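Trainee: I should like a close look at a single part of this structure, namely its internal cavities. Please take me through what encloses them.

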Amino acid sequence: MSPAASARPTGIIRLTVAQALVRFLTAQYAERDGIRERFIPGTFGIFGHGNVAGLGQALLQNAQDPAEGEAPMPFHMSRNEQNMVHTAVAYARTKNRLQTFACTASIGPGSTNMITGAALATVDRIPVLLLPSDIFATRTVDPVLQQLEDETSGDVSVNDAFRPVSRYFDRISRPEQLIPAALQAMRVLTDPAETGAVTLSLPQDVQAEAFDWPLEFFRERTWHVARPVPEPAALDRAVEVIRSAKKPVLIAGGGAIYSEASDALAAFTDATSIPVLDTQAGKGALSADHPLCIGGVGSTGNNAANTLAAEADVVIGVGTRYTDFTTASHTAFRNADVRFVNLNVKAFDAAKHSATMVVTDARAGLDALRGALAGAPASDAAPGATATDIASATGYQAPAEHAERARALRAEWEELVAPCFAPHDQELPAQTEIFGALNDMMGDEDIVINAAGSMPGDLQALWKARSPLQYHLEYGYSCMGYELPASLGAKMASPSSEVVAIIGDGTFQMAPQEIATIVAERVKVILVILQNHGWSSIGALSESHGSQRFATEYRMRDATSGLLDGGLVPLDIPANIRSYGIEVQEVSSAADFREAYRRAAASSEATAIVVTTNLYGPNPPGNSWWDVPVSEVSTLDSTQSARSVYEDRRSPQRHYL
Ligand SMILES: Cc1ncc(C[n+]2csc(CCOP(=O)(O)OP(=O)(O)O)c2C)c(N)n1
Ligand SMILES: [Mg+2]
């Protein structure tokens, strides 16, 4: 140990801010249900002049000459700052938010590259600790390389752009500010209601500045991740609404998964026979094998779930934010008298749609609600209760015909979509055939990752998730480029799972470079790239909205038309992937894909499968809608007719008051 870092008898240690931060982070633990883990077991980063001699030095010192008792802080080099945040998010999500990574970036573009990742984490309610570097606190040398100067305010830097996308933001302008900031950062990261991106902005001079720190700052700390229980009165109100329901549904969102509520949800469903619909984040909370797991609801949902949603008189939302995809842009719930009961750890979400709010951890809330619904309401115990009252006092169950109808609707849907998995009479496979093969071949504890394009819709409609781990769809921010770096994070979090990232060709072009990190880290993932030479999703959207698939295929600028409607752009994705040093299999049929997947699964190294698919699907049939406004006036016939369809489709749109 170097003399500079040795503890003084007075309980003071002299360290730089960066050294102190690293040491602090190595001593933070999160605990839930008696399981306690290092909260930040590693750091991802890219160095530049903003952090190389500050945090970079501190991480080196941690690796080479740690203080007595200081735990290691493994360091991982990334290739792009946005990607490293996505890796951290996927890791944290796979760990049900009980662990995450820190991400350090240089000042200016290195830091602002993390803003998209920060927004994604905050939208998805996933913890990630961001450590962007900032301009000199002393301002002596201003403007430093990459500094944006604000002539009206000396304390503004580009890092202020992190504020609206972070759940907690602090700029450490003096060393001692690190103490309250680091403690608050940990509080927010480990609070299920508040969590998201937490940003500690670190001026490059302050990172390297020394300070006498009280040793107590570095003692091991355990942050208890709360499972708030429902307030009894709120539970009573929820019970009253649910007891009146004749056609109830429950919507499971991501919160049900992060709180590990699957057993509680299955017990609740068994006790009440209330059909369970799911969101992109919540699929798998109840296993697809459960007879009352009806599947995806909303714009990309299935007809069975959407029919039940349309008829529902009571909707119980568990851990859902109710995005427009879940509500089909406020057209999913059509019963005039529909009421909502929302179980959510975050009051903000619990309050949505004028709901009867139950602010609670999903698991604790479902257990409490099941208990409360099983018992007799006080009124029924009153003397003189009728036989019907007494019968209803034996516990709430959805009417038998409702549960029966849910099962029948699900069977009907399964029959309707069966052809999606069968080889089509066309040259190239539909991507749904590939998804069918994957769903068949992947184990329950394997992980499929996707985020954007036409794939999330097809997956939401078709995928059968048999564990809460399996279906990893980032559909809060739906960020193209999440999938590939996310596969690294998910695999690091769950090494025994086969991790498959499904990546559109457009998406691939957003973030291919992280393959280099996957290779360097020797992490085995399977990349499945669906090559359809364009944006199938946006093309279909464009066509259905009167814009004729304008500029949604990757084509050369044509010399005659002057438009991007020439031949296909000769991008060789397999060659591109091979250049990173990994093996690629190229296939163009579902049968060959199965063979390729078997080989990829058997390999001990990361490999890719590039599948050429049909840009035009076909996609699963669906009866739902998504609000994407069409131009109100236009000289184009296609737009005018799309506008009249639009007006018709949005007519059922309503507030739930
Ligand atoms: C970062 C980002 N930019 C833009 C979009 C809008 N967008 C959604 S899907 C899509 C096209 C995706 O293309 P591809 O990955 O090839 O998938 P496909 O639509 O062909 O299935 C675009 C541009 C987005 N979701 N994320
Ligand atoms: Mg594509």
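**The cavities and their linings**

Mentor: In this predicted model, 38 residues line the largest cavity, and Gly254, Gly255, Ala281, Gly319 and Arg321 are those nearest its centre. Three elements give two or more residues to this lining: helix H5 (115–124), helix H9 (254–258) and strand E16 (339–344). The greatest contribution is that of H9, with three residues. Sorted by class, the lining comprises 13 nonpolar, 15 polar and ten charged residues. The space inside the largest cavity amounts to about 520 Å³.

A search of the whole structure finds five cavities of 30 Å³ or more. The second largest has a volume of about 80 Å³, and its lining consists of twelve residues, with Leu15, Gln19, Gln61, Ala67 and Glu70 nearest the centre. Helix H1 (17–26) and helix H2 (55–64) are the elements that each give two or more residues to this second lining. By class, six of its residues are nonpolar, three polar and three charged.

The packing of the protein may be set beside these spaces. The largest nonpolar core holds 84 residues, of which Leu250, Ile316, Leu527 and Ile577 touch the most other members. Helix H3 (residues 81–94) supplies the largest share of this core, seven residues. Apart from that core lies another, of 38 residues, including Ile13, Val17, Ala18 and Ile40. Leu250 itself, leaving aside residues up to four places away in sequence, touches Leu265, Phe268, Ile274, Pro275, Val276, Leu277, Ile316, Val318 and Leu366.

Conventions: Residues numbered from 1 in each chain as written. Chains lettered and ligands numbered in written order. Predicted model: local features only at pLDDT ≥ 70, side-chain atom pairs only at ≥ 80, totals over all residues. Heavy atoms only, no water. Core = buried A, V, L, I, M, F, W, Y, C linked by side-chain atoms within 4.5 Å. Buried < 20%, exposed > 50% of the residue type's maximum accessible area, 1.4 Å probe, protein only. Helix = DSSP H or I, 4+ residues; strand = E, 2+ residues; numbered from the N terminus. Contact = heavy atoms within 4.5 Å. 1 Å grid on protein atoms, 1.4 Å probe; cavity = no way out; pocket = protein on both sides within 12 Å on 5 of 7 lines; lining within 4 Å. Points joined across faces, edges and corners; volume = space filled by probe spheres on them. Nonpolar A, V, L, I, M, F, W, Y, C, P; charged D, E, K, R; others polar.
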